[in-house]
Amino acid sequence: MQALSLFPDDPSPPTRPPRHWMAVASAEHARRGRDQAPQGFMQVCHGKRGPLARLQPGDWVAYYAPSTRMGGSDRLQSLVSIGRVAPGLPYAFDMGGGFVPFRRDVHYLQQAREVPIHPLLDHFEFVEDRQRWGARFRFGLFELSAHDMGLIARAMGVAGPV
């Protein structure tokens, strides 16, 4: 019996267990990547390639949005998307006006619902000090435990990592 693959067009299985990542962007930007057809994408850290190179196909990624728009003053503080990194490497994408950020393709779980992050803060392993829970988000991309990604997936109403 042949094993089912999340990536049926990619004959090579992952070479290591999947890792779990939290990316940070405005909701507007995260939704643009999630809703791009036919393939979703992600950008982090103002389009830098280095952070995206840390991810591998099959890794899980969730997006946290501190605000609705980039630089916005609203306090959305929500998880807006979740998915798995697709096969392929980071690639440059010309957005016009001289801005050429790097992206990675992501298979987003379209049925995931956006949820506020506050109800999960006391359950995350990455939150060491409840008063400074947002400090890690300043990096733009950081690794999570499978436990934390599982909490996010359940909160968003989807099946996450086992």
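A residue counts as buried under 20% relative accessible area, as exposed over 50%, and as partly exposed in between. The model discussed here is predicted. By the cut-offs just given, Glu28 is partly exposed because its relative accessibility is 30%. In the chain as a whole, buried residues account for 43% of the 162 residues.

The overall layout comes next. The chain holds three helices and eight strands, and read from the N terminus its elements follow the order β-α-β-α-β-β-β-β-β-β-α. The C-alpha trace spans about 50 × 45 × 25 Å along its principal axes. A compact globule of 162 residues would have a radius of gyration near 15 Å, and the chain agrees with this, having 15 Å. Of the contacts between residues at least 6 apart in sequence, 68% join residues at least 24 apart. The accessible surface is about 9,200 Å², and carbon and sulfur atoms contribute 54% of that area.

Strand 4, residues 78-85, is a useful place to begin inside the fold. Eight of its eight residues are buried, so the strand is largely enclosed by the rest of the structure. Strand 3 (residues 60-65) runs antiparallel to strand 4 and is joined to it by six bridges; in this pairing Val61 has Gly83 of strand 4 as its bridge partner. Strand 6 also pairs with strand 4 in the antiparallel sense, over three bridges, and here Val85 is partnered by Val106 of strand 6. A further antiparallel pairing, over two bridges, connects strand 4 with strand 7 (residues 115-116). Within strand 7, Pro116 stands opposite Ser78.

Helix 3, residues 146-155, has its own buried residues: Asp148, Met149, Gly150, Leu151, Ile152 and Ala153. The cover over them includes strand 1 (20-24), strand 3, strand 4 and strand 8 (141-144). After helix 3 comes Gly157, which has a positive phi near 80 degrees.

Charged side chains add further links, with eight salt bridges counted. In one of them, Arg69 meets Glu28 with an N to O distance of 2.7 Å. Arg69 sits in the loop between strand 3 and strand 4, while Glu28 belongs to helix 1 (residues 27-35), so this pair ties together parts that are 41 residues apart in sequence. Arg69 is exposed, because its relative accessible area is 52%.

Helix 1 takes part in another such link through Arg34. Arg34 forms a salt bridge with Glu114, the closest N and O atoms being 3.1 Å apart. That pair connects distant parts of the chain, since Glu114 lies in the loop between strand 6 and strand 7 and Arg34 in helix 1, 80 residues apart. Arg34 also has a salt bridge to Asp35, where the closest N and O atoms are 2.8 Å apart. Arg34 counts as buried at 14% relative accessibility, whereas Asp35 is partly exposed at 45% and Glu114 is partly exposed at 31%. Together with Arg31, the residues Arg34, Asp35 and Glu114 are linked in a network of salt bridges.

On the surface, Phe93, Met95 and Phe99 make a nonpolar patch of about 260 Å². Met95 is located in the loop between strand 5 (91-92) and strand 6 (102-108), and its relative accessibility of 37% places it among the partly exposed residues.

Definitions and conventions:
Residues are numbered from 1 along each chain as its sequence is written. This is a predicted model: local features need pLDDT of at least 70, side-chain atom pairs count only at pLDDT 80 or more; totals for chains, interfaces and linings use all residues. Side-chain values use heavy atoms; hydrogens and water are left out. Patches are made of residues with over 30% relative accessible area and no salt bridge: like charges are joined within 9 Å, nonpolar side chains (Val, Leu, Ile, Met, Phe, Trp, Tyr) within 5 Å. Accessible areas come from the Shrake-Rupley method with a 1.4 Å probe; for residues, only the protein chains shown count as cover. A salt bridge is a side-chain nitrogen of Lys or Arg within 4 Å of a carboxyl oxygen of Asp or Glu. Helices (H or I, at least four residues) and strands (E, at least two) are DSSP runs, numbered from the N terminus. Buried means under 20% relative accessible area, exposed over 50%, partly exposed in between (1.4 Å probe, protein chains only). Two strands pair if DSSP finds at least two bridges between them. The radius of gyration is taken over C-alpha atoms; the globule rule is 2.2 Å times the number of residues to the power 0.38. Contact means heavy atoms within 4.5 Å.
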